[in-house]
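User: Please take a close look at the sheet of chain B in this model. I would like to know how the strands are arranged, what packs on them, and how the sheet relates to the rest of the chain and to the other chain.

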Amino acid sequence: MRMSPLVTGSVGTVLVGALLGFLISSFVGVIAQDNGLLGGNGESPVARSYMMGLLQQDPGLLTNIRPTRDIAQRALELQGSAQSRNTNITPLSLTYLGGGSMGGFSIHIYAVGLRSGSGVDQFFPLALTVARGKVIRSE
Amino acid sequence: MSSAASLAQRTTGVSETRAVATLALFGVGLLAGIVVHSLTDRGPGENPYPSLPKVEEPAIARDVVTAIAADDATTLAKLLSQDQLNDLGTALQPITDVRGAKFVGAVESEGRFLVAYTVTGKDDTGNDFIVGFVLRVSNDQVVGVN
């Protein structure tokens, strides 16, 4: 069955508008998120996932949000996470301090409270650099 | 009115109607795209851990960052120890020419403050960069730089 040019043209117009609307709101959303507009605090979902992976000692959560690494680095990471699982840490708090962005890079800074297996409380910061949906630097 | 003039008038009317309809359909699509995005963009997940309340920027941290932003090495040398200056240098890499520093937030736990900043500037080759660093403050003294 052939659709009339009027119908195909109308559907095409709606689809082009929908695509443009989606892209515009994505772009505006990123800018709003980075600048803490519209009530947001600027926290990136990628940075939050990274922090969850770290605190829950789950390398699976981190794999997709880190730049591609060679097999030796990935094996080392798994060794490190197995060792840290044995140390039995308890997260006490996770606070997003804030961040900023420039070009394609954004910085997200957290304060982390932990209790080690020996009962010692630690309170330390972590600054993440996010680019193209990956955490490229953590310190 | 001649038949040619009547035809021209009708054609113009149809074109206008068609243009308005096309714009309206485009607007409907645009709105649908925005709605779909707002439904699919979930933002950061829920934080399962407690968050500490934000506090004011400690004065000593403000002094340090003012010196950094003003490129005032003399004042900075008086405010930070040698180890802290080394740590600051590492935290600022690759920026060698600081253009601005911004306080983004601070929290306190048992008298220990973590005070976060972002710094913008240029590296050796003139490329723009942004980095983040944190001053640890305790008893009105900077006790560490991360």
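Analyst: What follows describes the sheet of chain B, then its surroundings, and then the sheet of chain A.

The model is predicted, and every value below is computed from it.

The sheet of chain B is open and consists of four strands in the order S1-S2-S3-S4, with antiparallel pairing. The edges are taken by S1 and by S4 (141–145) of chain B; each has a single partner strand, so one side of each is left without a neighbour in the sheet. From one strand to the next the twist averages 30 degrees.

The pairing of S1(B) with S2(B) can be followed residue by residue. These two strands run antiparallel and are joined over 11 bridges. S1 covers residues 97–109 of chain B and S2 covers 112–122. Asp97(B) has Lys122(B) in S2(B) as its bridge partner, and Val107(B) has Leu114(B) in S2(B) as its bridge partner. The two strands form a hairpin with two residues between them. In that turn Glu110(B) has a positive phi, about 50 degrees.

Helices also pack on this sheet. H2(B), residues 59–69, touches S1, S2, S3 and S4 of chain B, and its direction makes about 165 degrees with that of S1(B). H4(B), residues 82–92, lies across S2, S3 and S4 of chain B. The angle between H4(B) and S4(B) is about 50 degrees.

In sequence, the helices precede the strands. Chain B has four helices and four strands, and from the N terminus on its elements run α-α-α-α-β-β-β-β. The chain is divided into domain 1 (1–43) and domain 2 (59–145). Residues 97–109 of S1 and 112–122 of S2 in chain B thus belong to a chain whose two domains have C-alpha centres 55 Å apart.

The overall dimensions of chain B go with that separation. The radius of gyration of chain B is 29 Å, whereas a compact globule of 146 residues would have one near 15 Å. The C-alpha trace of chain B spans about 95 × 40 × 25 Å along its principal axes. Of the 146 residues of chain B, 23% count as buried. Among contacts in chain B between residues at least 6 apart in sequence, 54% join residues at least 24 apart.

Part of the sheet also takes part in the contact with chain A. That contact takes 40 residues from chain B and 37 residues from chain A. On the side of chain B, helix H1 (3–40) and strands S1, S2 and S3 (128–138) each supply at least two residues. H1(B) gives the largest share, 14 residues. By type, the residues of this side of chain B divide into 20 nonpolar, 16 polar and four charged.

The sheet of chain A can be set beside the one in chain B. In chain A, too, four strands form an open sheet in the order S1-S2-S3-S4, and the pairing is antiparallel. Its edges are S1 (90–102) and S4 of chain A, each with a single partner strand, so one side of each is left without a neighbour in the sheet. Neighbouring strands of the chain A sheet are turned by 30 degrees against each other on average, direction ignored.

Further into the chain A sheet, S2(A), residues 105–115, runs antiparallel to S3(A) and is joined to it by 11 bridges. In this pairing Tyr110(A) stands opposite Leu126(A) in S3(A). H2(A) packs on the sheet and touches S1, S2, S3 and S4 of chain A, with a direction that makes about 140 degrees with that of S3(A). H2(A) covers residues 45–55, and its buried residues are Val46(A), Ala47(A), Arg48(A), Tyr50(A), Met51(A), Gly53(A) and Leu54(A). After H2(A) comes Gln57(A), whose phi is positive, near 50 degrees.

S3(A), residues 121–131, is also joined to S4(A), residues 134–138, by four bridges, and these strands run antiparallel. Leu128(A) has Ser138(A) in S4(A) as its bridge partner. The hairpin of S3(A) and S4(A) has two residues between the strands, and Arg132(A) there takes a positive phi near 50 degrees.

Technical notes:
Residues numbered from 1 in each chain as written. Chains lettered and ligands numbered in written order. Predicted model: local features only at pLDDT ≥ 70, side-chain atom pairs only at ≥ 80, totals over all residues. Pairing = 2+ DSSP bridges. Contact = placed C-beta atoms within 7 Å. Nonpolar A, V, L, I, M, F, W, Y, C, P; charged D, E, K, R; others polar. Domains from an automatic or database assignment. Axes fitted to C-alpha atoms, helices over the stretch in contact; angles between N-to-C directions. Buried ≥ 20, exposed ≤ 12 C-beta atoms within 10 Å, placed from the backbone. Rg over C-alpha atoms; globule rule 2.2 N^0.38 Å.
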